[in-house]
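The following exercises are meant for a reader who meets this structure for the first time. Each task is followed by a solution that proceeds step by step.

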Amino acid sequence: MTGLGPRPLDGLRILDLTTVVMGPYASSILADMGADVIKLESPGGDILRQVGPSRSGEAGGMFLHANRGKRGIVLDLKSEEGRATALQLIADVDVLFYNLRPSAMERLGLSYEAVAAQNPGIIYVGAFGFGRDGRYADLPAYDDLIQGLAAIPALLAEAGDGTPRYVPVNIADRIVGLHAAIAILGAVHFRDRTGLGQRVDVPMFETMASMVLADHMAGLSYTPPLDAGGYRRLLTKERRPFRTADGHLCVVLYTDQHWRRFLEIAGRDDLTSDPRFANHAARIKHADEIAGELATILATRSTRAWQDVLGKADIPNAVMHTIESLMQDGHLEDVGFFIHSLHPSEGPVIEMAPPSRWSLSQPRASRPAPRLGEHTSEIAAELGNARREPNDVEHQPIRSF
């Protein structure tokens, strides 16, 4: 796992109080970039450790992927001793990152004001449900709840069979996690220019509302409104992988040139004079009918046959993977996307390389996801306190949940 050479964030130190998906996903990106991320867990551990199968019972696949490259410590922040140790750490880090509600941080004695008194230059970043000035500020937030509030299930119902559904990916957690990582980098750059730390809030609801509405406000962007909102191309019930004679194929016919080439290949020159196909605006207006015609045409040949002719015509298309076939994708093999490594408690595991490629400072994972409390003694020693801490579980048997 360990690579050679510098990484973009070498020297940046982050105390990571986050759990589950959103925060750990964000800090794993920064850890790959070289940040020293210290993952602080309660004695019971991050609940994500329990999600999915694992060999030890301590670290399922989601936990491994979201926490690689980090050092792990255990502290009980509800105890005086745990809070005192956390404040020692806070004095020596660049960033404090949390995903508790701000009111919970205040109850722990870790409000921005308390933390900044310990470290005036600290970047104090919270990724939580709702902006602290709004009426939802104290409500709990999970991916499903935020998807619902951001109208995603309603959009899927409109585009599908009328049944509201959640996207089967932790999409809110991961998108907000990306925003949190970007916010941390922006705040670090600002501090490097000005010397000033600050508090940064990254609320889930507002972040996801901005993403959804950027596609779907449409005519509601104007006063008075020009329509009822919604991007028709994305909402047609026929926008899905198309059935072929022997499987499915993903096809995007977006430009006028794409359509002309496709209708010629398909032997449907009769449709070139159809006003519904005339230009992009017309095709958007008649998106359901257009997609229906496309579905009828694609069902006449095999997936391989379509890929051959579409590829030669430079018409965008792709196979529809399953999770298993995705992990066998030839392109991912070519670029070294999957890395086989050995985890100290889980044995042989498959990890994913950072997807970006850098010419001088390639991000990479420097260590596997930590066992619960694995580095507590090491970090205590760095604080000038080499004695074993009461909550230090390093070298103890792997705990089973």
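## Exercise 1: Aromatic pairs

In this predicted model, the structure holds 10 aromatic pairs. Determine how the rings of Tyr98 and Phe128 are arranged, and which strands they belong to.

Solution.

1. A pair of aromatic rings is described by the distance of the centres and the angle of the planes.
2. For Tyr98 and Phe128, the ring centres are 6.1 Å apart and the planes meet at 20°. Planes under 30 degrees apart count as stacked, so the pair of Tyr98 and Phe128 is stacked.
3. Tyr98 belongs to strand β4 and Phe128 to strand β5, so the pair ties together parts that are 30 residues apart in sequence.
4. Tyr98 has a relative accessible area of 0% and is buried; Phe128, at 3%, is buried as well.
5. A second pair, Phe130 and Tyr136, is edge-to-face, with 5.4 Å from centre to centre and 75° between the planes. Phe130 is buried at 5% relative accessibility, whereas Tyr136 is partly exposed at 32%.
6. Tyr98 and Phe128 also belong to one aromatic cluster together with Tyr112 and Tyr124.

## Exercise 2: The nonpolar cores

State how many residues the largest nonpolar core has, and which elements supply at least two residues of this core each.

Solution.

1. The largest nonpolar core has 36 residues. Those with the most contacts inside this core are Ile14, Val95, Phe97, Val125, Val202 and Met208.
2. At least two residues of this core come from each of α1, β4 (95-98), β5 (123-128), α7 (152-159), α8 (171-194), β6 (198-203) and α9 (204-216).
3. Helix α8 gives the largest share, nine residues.
4. Val95 serves as an example: leaving out residues up to four places away in sequence, Val95 touches Arg13, Ile14, Leu15, Ile122, Ile123, Val125, Ile184 and Val188.
5. There is also a second, separate core of 22 residues, which includes Leu15, Ile73, Leu77 and Leu87.

## Exercise 3: The faces of helix α13

Check the length of helix α13 (residues 287-298) against the expected span, and establish where its buried residues lie around the axis.

Solution.

1. Helix α13 has 12 residues; at 1.5 Å a residue, they should span 16 Å. The end C-alpha atoms of α13 are 16 Å apart, which agrees.
2. The buried residues of α13 are Ala287, Ile290, Ala291, Leu294, Ile297 and Leu298.
3. Viewed down the axis of α13, these buried residues fall within an arc of 120°, so they line one face of the helix.
4. The elements they pack against are α10 (232-235), β7 (242-243), β8 (248-251), α11 (256-265), α12 (280-285) and α14 (303-312).

## Exercise 4: Two polar residues in helices

Decide whether Gln147 is buried or exposed, and do likewise for Ser28. Then describe the surroundings of each.

Solution.

1. Gln147 is found in helix α6 (residues 143-149). Buried means under 20% relative accessible area, so Gln147, at 1%, counts as buried.
2. Beyond four places in sequence, Gln147 touches Ile152, Pro153, Tyr166, Val167, Val169 and Ile171. The side chain of Gln147 also makes a polar contact with the side chain of Asp143, at 2.7 Å.
3. The C-alpha atoms of Gln147 and Ala209 are separated by 9.1 Å, while the two residues are 62 residues apart along the chain.
4. Ser28 is found in helix α1 (residues 22-32) and, at 6% relative accessibility, counts as buried.
5. Apart from neighbours within four places in sequence, Ser28 is in contact with His65, Ala66 and Lys70.

Definitions and conventions. Residues are numbered from 1 along each chain as its sequence is written. This is a predicted model: local features need pLDDT of at least 70, side-chain atom pairs count only at pLDDT 80 or more; totals for chains, interfaces and linings use all residues. Side-chain values use heavy atoms; hydrogens and water are left out. Helices (H or I, at least four residues) and strands (E, at least two) are DSSP runs, numbered from the N terminus. The expected span of a helix is 1.5 Å times one less than its number of residues. Buried means under 20% relative accessible area, exposed over 50%, partly exposed in between (1.4 Å probe, protein chains only). The arc is that of the directions from the helix axis to the C-beta atoms. Contact means heavy atoms within 4.5 Å. A polar contact is a pair of N or O atoms within 3.5 Å; within protein, one must be able to donate a hydrogen and the other to accept it, and residues adjacent in sequence count only if both atoms are side-chain atoms. A nonpolar core is a set of buried Ala, Val, Leu, Ile, Met, Phe, Trp, Tyr and Cys residues joined through side-chain atoms within 4.5 Å. Rings of Phe, Tyr and Trp (its six-membered ring) pair if their centres lie within 6.5 Å; planes under 30 degrees apart count as stacked, over 60 as edge-to-face and the rest as tilted.
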